Amino acid sequence: MKLLTLSGVLLSAVLTTNIAIAADDTKTPETTEATTETTEATTETTETVSGKEVYQTYCIACHVSEGMPTIAPPIFAVKNHVTAEYPEREDFVKRVTEWVKAPNADDVLMPGAVRKFGLMPAMPQLSDEQAVAVAEFLFDSDMELPDWYAEHYEEEHGEKPKAQ
Ligand code: HEC
């Protein structure tokens, strides 16, 4: 009888331990998830890119706003043409993001500029984050209007250009 009780105690001890382990098991995934979230948050913070910096590093050399353009249309004109076709921020950003990574000769918004300067070279070296950041920067910032451009625009459109 004593032996039976003892094995009963042992058995329940084993059971309790198992339950404790099981309970631990259920906890583990939560802990892992929390850790992953923290890591993701950290990655996002480190990867935050400034659209202005991307613009100054990768775009301004061609899309200059001073003097007469020799390589590419000034950024004011670019923004003007893209907003005319894609007035919503989301559509504008999508268009510019896709464009910088792979300009498509069959879908150009500035055919005159393509004839004059050739198609813009693709910039696959930009990360997705950089492409989005520069597109958002273009949409959100006032672009400089070159002096000569107002005249050119008026000739083309019969009205003065609005600030973009
Ligand atoms: C090597 C010169 C060069 C560089 C660098 C360059 N572009 Fe361009 N880009 C052009 C030329 C030329 C055109 C006009 C012809 C065309 O549309 O392909 C153009 C046109 C564009 C257009 C209008 C395209 C359309 O039809 O929708 C956008 C938007 C644009 N560029 C954005 C950018 C951005 C943003 C950057 C920087 C990440 C950049 N470009 C860098 C030469 C350049």
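Trainee: Leaving aside its neighbours within four places in sequence, which residues is A122 in contact with?

Mentor: A122 is in contact with K101, A102 and P103. Contact means that two C-beta atoms, placed from the backbone, lie within 7 Å. This is a predicted model, in which local features need pLDDT of at least 70, side-chain atom pairs count only at pLDDT 80 or more, and totals for chains, interfaces and linings use all residues. Residues are numbered from 1 along each chain as its sequence is written.

Trainee: How far apart are A122 and P103 in sequence and in space?

Mentor: They are 19 residues apart in sequence. C-alpha to C-alpha, the distance is 5.8 Å. A122 sits in the loop between α5 and α6.

Trainee: Why is A122 called partly exposed?

Mentor: Count the other C-beta atoms within 10 Å: 20 or more is buried, 12 or fewer is exposed, and in between is partly exposed. A122 has 13, so A122 is partly exposed.

Trainee: What makes T97 partly exposed?

Mentor: T97 has 18 other C-beta atoms within 10 Å. That value falls between the two limits, so T97 is partly exposed. T97 belongs to helix α4. Not counting residues up to four places away in sequence, T97 touches A131, V132 and A135. T97 and D128 are 31 residues apart in sequence, yet 7.7 Å apart from C-alpha to C-alpha.

Trainee: Why is helix α7 called hardly covered?

Mentor: α7 spans residues 147-157. Among its 11 residues, the count of buried ones is zero. Just after α7, G158 takes a positive phi of about 75°. Across the 164 residues of the chain, buried residues make up 18%.

Trainee: What does the secondary structure of the chain come to?

Mentor: Seven helices and zero strands. Both are DSSP runs numbered from the N terminus: helices are H or I, at least four residues, and strands are E, at least two.

Trainee: At what angle do α2 and α6 pack?

Mentor: The angle is about 100°, and the axes are 8 Å apart. α6 covers residues 128-140.

Trainee: Why is α2 called roughly perpendicular to α6?

Mentor: Angles of 65 to 115 degrees count as roughly perpendicular, under 35 as roughly parallel, over 145 as roughly antiparallel, and the rest as oblique. About 100° lies in the perpendicular range, so the name fits. In this packing, G51, K52, V54, Y55 and C59 of α2 meet Q130, A133, V134, E136 and F137 of α6. By class, this contact has six nonpolar, two polar and two charged residues.

Trainee: Which residues come nearest to the ligand?

Mentor: C59, C62, A72, L109 and M120, out of 27 around the ligand. Here a residue is near if its C-beta atom, placed from the backbone, lies within 6 Å. α4 gives the most to this shell, with four residues.

Trainee: How do you know how confident the predictor is in the chain?

Mentor: Read pLDDT, the predictor's confidence in each residue, from 0 to 100. The chain has a mean of 78, and 70% of its residues reach 70 or more.

Trainee: Which elements have the lowest and the highest mean pLDDT?

Mentor: Helix α1, residues 2-47, has the lowest, 48, and α4 the highest, 98. Over residues 10-29 the pLDDT is below 50, and this stretch has zero contacts beyond near neighbours in sequence. Residues 38-46 also stay under 50, with zero contacts beyond four places in sequence. Where pLDDT is low, the predicted coordinates should not be read in detail.

Key. Axes are lines fitted to C-alpha atoms, for helices over the stretch in contact, and angles run from 0 to 180 degrees between N-to-C directions. Ala, Val, Leu, Ile, Met, Phe, Trp, Tyr, Cys and Pro count as nonpolar, Asp, Glu, Lys and Arg as charged, and the others, Gly among them, as polar.
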